[in-house]
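Trainee: I've got a structure open and I'd like to learn how to read it. Can we start with how the parts fit together?

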2 protein chains.
Amino acid sequence: MLAATYTGRVDTTDLGEFGLIERIRGMLGAPADARLVAGIGDDAAVWRSGAACVIATTDTMVAGVHFLPGQVAWSDVGWKALASNVSDIAAMGGRPSFALVTLSLPRMSVDPIDELYAGLRECAEAHAVTIAGGDIVAAPVFSVTVALLGEAACAADGTPLLLRRDAARPGDAVGVTGTLGASAGGLRALLEGATRAALVAAHMRPRPRVDAGVAAIAAGVTCGMDISDGLAQDLGHICDESGCGADVRFRDIPIAPALAAAYPADARTMAASGGEDYELLLVAPEPRLRAADAALRADGATGVTIIGSITERRGVRMLDAAGGEVRLTSAGWDHLGRET
Amino acid sequence: MLAATYTGRVDTTDLGEFGLIERIRGMLGAPADARLVAGIGDDAAVWRSGAACVIATTDTMVAGVHFLPGQVAWSDVGWKALASNVSDIAAMGGRPSFALVTLSLPRMSVDPIDELYAGLRECAEAHAVTIAGGDIVAAPVFSVTVALLGEAACAADGTPLLLRRDAARPGDAVGVTGTLGASAGGLRALLEGATRAALVAAHMRPRPRVDAGVAAIAAGVTCGMDISDGLAQDLGHICDESGCGADVRFRDIPIAPALAAAYPADARTMAASGGEDYELLLVAPEPRLRAADAALRADGATGVTIIGSITERRGVRMLDAAGGEVRLTSAGWDHLGRET
């Protein structure tokens, strides 16, 4: 019955996620509420609420689609369900505050739900998030949806201070926080059945960089996002939205030490293209990135590494030491950049 | 594989929704953030954000569980997915503002999604809600989750002014907004295959009473909720939370005119027990309910009908004109109060 009802001319898989988002954006038209600062299509939605600025985001994980029950711990599912949302708030430069958790439940034991909530709670405590409510519904397949609210800093005139994707300008420096590739290394270790505890932990329990987003905002950075699809692809998103390009010094990309030790031959490529590290990609005049770096290091956190610059010419180029272009193979890309 | 993973000692169906919510509340412990005003277990979560008070709620509709594709219009599914959330905000006395919409999509035609969004948009426009973002994920079964934010009025000292379930006091009057039973009448008409356009419309496109919640707050009412499970059951929730009881004058319950015309023999019972009218149940000293009534009528809206009073003795009693108790049969209850 469902299949018959759902059949039509244009299929969701023809459009793809981004095509469908654009279609929905078109159907909804211009936002009616002038308080909306960032709407559909951004990492998170932002609106003014009195003197404060609210940031809101939501992410869903479906059993069998986003994780395989029996192959991952339910506590890690809980952690990641919240962490992916925290990273969306961090990507805007905000601090997370309150979460709503919706469980769609088939008839099942409560033990996995206990474990899921243990992971949710650990992630909530790590990021000062309070789970304030949610919904529980019956469903044929398990899924967990987290809606997370947060707050942005505001200028004296009430303007929210945000990391946007469309604020890169030619001449800006490109920086990344922390080191990259550990999550991709963890995924590879899992697929190969290898024991690489540090890498697997980075993959299962990514740590969003709320501190780095806040430090970047304080240093005057206005352009950035979290690295979820991989450095090369995410920098492409920023360049597309900003109408510019970027040159990246391939050798300056900071590689996660555990990745370099485990997979030395592929480490740099994996760091450049692997997803889900949830570090931040920041674009600003170089002194601002250096100020954010200094503030983070003074707090004992990993800082910002400058890896390239924004160009007028479109497209993202990875350059070797001699200035020649490095090409990331699409095979390596598809293998590492996308979990299925 | 899923079934094996999910098997355990205690089953979600043993606990039920409310048992599971209590279990989760216990696991999460006391809220860490002192800004939280209302957390898990209320109609909606409420927290302070700067000088404002944010209200947040979320509801999910799953195909085959909450609606049957092919038997309802997708635009009505969209309307109801948002309307149920708007009613949760109205139930706290707040105004809705921004929504996040998550679609879990099997491979399907985009036509139903267009229709769904048409209904979402109509409901959003009717209640001054802006759809600000969301998420789209692949899933084996269609579902739509709406997370809705809103704002509560605040006292001069910043205390949020809310309609709570635990604020009824003996001697308070019990009032309901508008008329009741139209949604139950619409469901009955659908099940009987009867053409009752006004009743069916009330069932498919319920109209949450944001105006009534705001008027009640302005009149000093502090206790109330929306009528989603039926008057008798929802008044029971208020009495349980407040530690009191209520006497309702059965003959004073305002019956939807279309219901009285269509099902005269059963209309009053259906009005007393039918769910999903999304009118508000308000409890306060009588002058405050009269003030809210006058304000609503002055705006051309349906007002507040006083139908009874709060008692020290526990339990909700329906009384006939002679003061005898009217018993709602459980058969009528289960048939009308719960959609499946």
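Mentor: Sure. Keep in mind that this is a predicted model. The size of an interface is often given as the accessible area lost when the parts come together. Here chain A and chain B bury about 6700 Å² between them, with 66% of that on carbon and sulfur atoms.

Trainee: How many residues does the contact take from chain A and from chain B?

Mentor: Chain A puts in 78 residues, and chain B puts in 78 residues.

Trainee: And how many salt bridges are there between chain A and chain B?

Mentor: Look for a Lys or Arg nitrogen within 4 Å of an Asp or Glu carboxyl oxygen. Between chain A and chain B the count is four. One of them pairs A:Arg23 with B:Asp114, whose closest N and O atoms sit 2.6 Å apart. Helix α2 of chain A, residues 12-28, gives the most to the side that touches chain B: ten residues. That side of chain A splits into 45 nonpolar, 20 polar and 13 charged residues.

Trainee: What about chain A taken alone: which helix and strand counts does it have?

Mentor: Chain A has twelve helices and 14 strands. Of its 340 residues, 57% count as buried.

Trainee: How do I read the radius of gyration of chain A?

Mentor: Set it against the value for a compact globule. With 340 residues, such a globule would come out near 20 Å, and chain A has 20 Å, so the two agree. The C-alpha atoms of chain A fill a box of roughly 60 × 55 × 50 Å along the principal axes.

Trainee: What share of the contacts in chain A with a separation of 6 or more comes from residues 24 or more positions apart?

Mentor: For chain A, that share is 80%.

How values were computed
Residues are numbered from 1 along each chain as its sequence is written. Chains are lettered from A and ligands numbered from 1 in the order in which they are written. This is a predicted model: local features need pLDDT of at least 70, side-chain atom pairs count only at pLDDT 80 or more; totals for chains, interfaces and linings use all residues. Side-chain values use heavy atoms; hydrogens and water are left out. Contact means heavy atoms within 4.5 Å. Buried area is the accessible area (1.4 Å probe) that two parts lose on being put together, summed over both. A salt bridge is a side-chain nitrogen of Lys or Arg within 4 Å of a carboxyl oxygen of Asp or Glu. Helices (H or I, at least four residues) and strands (E, at least two) are DSSP runs, numbered from the N terminus. Ala, Val, Leu, Ile, Met, Phe, Trp, Tyr, Cys and Pro count as nonpolar, Asp, Glu, Lys and Arg as charged, and the others, Gly among them, as polar. The radius of gyration is taken over C-alpha atoms; the globule rule is 2.2 Å times the number of residues to the power 0.38. Buried means under 20% relative accessible area, exposed over 50%, partly exposed in between (1.4 Å probe, protein chains only).
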